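Reader: I am new to reading protein models, and I would like to understand how each label is earned. Could we go through some of the labels together?

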Amino acid sequence: MAERNLRIKGAAEKLAEKGRILVKEGGRQIAVFQGEKGIFACNNKCPHEGYPLSEGTLTEGCVLTCNWHNWKFDLESGETMVGGDQVRTYPARLDGGDLLLDVSDPSPEQAIGKALDNLLDCFDDHEYDRMAREIARLVKAGGDPLDALRRTIHWTHDRMEFGATHAYGAALDWLTLRDRYGADDEALALIPVVEVVAHMAWDTRREKIYPYPVKLVGFTVDGFVRAVDAEDEETAIGMIRGGLACGMTHRDFEEALTRAALDHFLDFGHSLIYVYKTMGLIDRLGADVAEPLLLALVRSLVYGRREDLIPEFRAYAPALQSWGQATWDDEPVVWDELTGRSVAKVLERMQASSSNTAALFDAALGALAWNMLHFDEAHQFHTDRNVAANQSFLSFTHGLTFANAVHVQCSRFPDLWPQGLLQMGCFIGRNAGFVDKGYVADRWYLSDPKAFFAEVEHGFFDHAQFEYIVACHLVKTTTAIREEYEAAPHGPAAQMLLAAGNRFLNATLKRKHVLRTARQALSFVANEG
């Protein structure tokens, strides 16, 4: 790009007299300093909080200190010595009595590359505001902001010790919001990308690399499911690598991934949700991120908790084995027949109506919505009960997001409906002990769903939640509710779904339990023996 010089007439005398001047040009402010090592110029706004660097202190000939928060910049090299973000510098020289400033911009390719490289520098110290600036710089240079997300996926996927996290699971939902509201607003287009990048950075901050196996293995659906069940990461990863090497796409693995996710009541439903969202995220971002996302997903499947092996869910395997053997075809189940029952009783009732998949899904979805609508909030505020009583709204939201994933993935692979439905039943029975049956929920029912979703979703763009895990639960739960409502706006669960979401989104979530933790710690230690 051609050099563009700005001539400031008579500036040499002012510099010699004051040691610094402020130049204003085209909306920008440039601070110019006369130091022992020469003439230096930089953006007048400190990248930390925007205070004027022209009021800073110049030492050692070229080290500029912002006196507000002690950030320090080497104006000769352009490096930040104390602080995070870099300050832009400008080549400067005297020409007789005038000052010449080179204010030409770098090429778009240079600016984009620098923004992407600098983005990774923000991660260890989790400089959220700088992440936003670097992605904004990328956009200003004409780059695709989603490249920041693609670069982040490549950088983070092997720093997740146990595979994919909510950071990957919620990314698609954030991008859906971006598509819906960001077309005409730069800030609304920027926020979802920053949120996703920052969440991935948070989940992998200061983590080492956990390498994936590198050998290639021939892919088969049954072989892959067996490898995941055996927690054999080397074979499961090898099959993904082998399939990709043979030209398979992410959708070619979808059946195997779905089967593996439903082979157990795996990881409290996270696994199936991650399969659903990973497929869509690769569709959205392209084949470049297929391998890293698939590897992280498979690792999470391998390390996922087998919930159906614990006593609470032992009725699941027998129910699945005997699925379809005894049905009451003339008595399709309805949602209130599934509430207030133990896991075993819920599964027994579902099994009796196994011939009508659609009605059974509607009933299970309704029961999950009713449970969340009637959650007894006392459980998230108690300080004098045992660990088994530690429940919050987030335990209930998983039931709905899992149901949404079941609806999508089992519609694609219908022979998996028994697993999906019975695992929904596990959620229903498990949460039955934490509801307030007498809770009056009338005020949470909605008359204008369209306005509700618009208001709620716009609110996500300024959500004020420090914890990414909370923000992503708000987004992904609302997305699941919206998808299920729009799929059946007149279905038996529709109004209850909306009411449950409305209550959750207006609830207080207690996220740190100081007194509870202390008391439970003392109780545990006292009984260690």
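**How the labels are earned**

Author: Let us begin with one pair of residues, keeping in mind that this is a predicted model: Ala 41 has Tyr 90 in β9 as its bridge partner.

Reader: What makes β4 and β9 paired strands?

Author: Two strands count as paired if at least two bridges are found between them, and two bridges join β4, residues 38-43, to β9, so the condition is met. The two strands run antiparallel.

Reader: Why are β2 and β9 said to stand at the edges?

Author: The open sheet has four strands in the order β2-β3-β4-β9, with antiparallel pairing. β2 (20-25) and β9 (89-90) each have a single partner strand, so one side of each is left without a neighbour in the sheet. Helix α1, residues 11-18, packs on this sheet and touches β2, β3 (28-35) and β4, with its direction at about 140° to that of β2.

Reader: Which strands stand at the edges of the sheet with the order β1-β11-β10?

Author: That open sheet has three strands and antiparallel pairing, and β1 (5-8) and β10 (92-95) are its edges, because each has a single partner strand and one side without a neighbour in the sheet. From one strand to the next the twist averages 25°. Helix α1 lies across β1, β10 and β11 as well, running at about 95° to β11.

Reader: How do you know that β10 and β11 pair?

Author: Four bridges link β10 to β11, residues 98-102, in the antiparallel sense, and since pairing asks for at least two bridges, the label holds. One of the residues involved is Asp 95, whose bridge partner in β11 is Asp 98.

Reader: What makes β7 and β8 a pair, and which residue of their hairpin takes a positive phi?

Author: β7, residues 72-74, and β8, residues 79-82, share three bridges in the antiparallel sense, which satisfies the requirement of at least two. Asp 74 has Glu 79 in β8 as its bridge partner, and in the hairpin, with four residues between the strands, Gly 78 takes a positive phi near 85°.

Reader: Why is His 463 called buried?

Author: Buried means under 20% relative accessible area, and His 463 has 18%, so the label applies. His 463 lies in the loop between α18 (449-459) and α19 (468-487), and, not counting residues up to four places away in sequence, it touches Trp 174, Glu 195 and Ala 471.

Reader: How do you know that the side chain of His 463 makes a polar contact with Gln 465?

Author: The side chain of His 463 reaches the backbone nitrogen of Gln 465 at 2.8 Å, and the cut-off for a polar contact is 3.5 Å, so the distance falls within the cut-off.

Reader: Which residues does α8 bring to its contact with α10, and how do the contact residues divide?

Author: Val 221, Phe 224, Val 225 and Val 228 in α8 meet Ala 256, Leu 257, Arg 259 and Ala 260 in α10. These divide into seven nonpolar, no polar and one charged; Arg counts as charged, so Arg 259 is the charged residue. The axes of α8 (residues 221-229) and α10 (residues 254-262) are 9 Å apart, at an angle of about 35°, and the crossing is right-handed.

Note on methods. Residues numbered from 1 in each chain as written. Predicted model: local features only at pLDDT ≥ 70, side-chain atom pairs only at ≥ 80, totals over all residues. Heavy atoms only, no water. Contact = heavy atoms within 4.5 Å. Axes fitted to C-alpha atoms, helices over the stretch in contact; angles between N-to-C directions. Buried < 20%, exposed > 50% of the residue type's maximum accessible area, 1.4 Å probe, protein only. Polar contact = N/O pair within 3.5 Å; in protein donor to acceptor, adjacent residues only side chain to side chain. Left-handed = near helix turned anticlockwise from the far one by under 90°.
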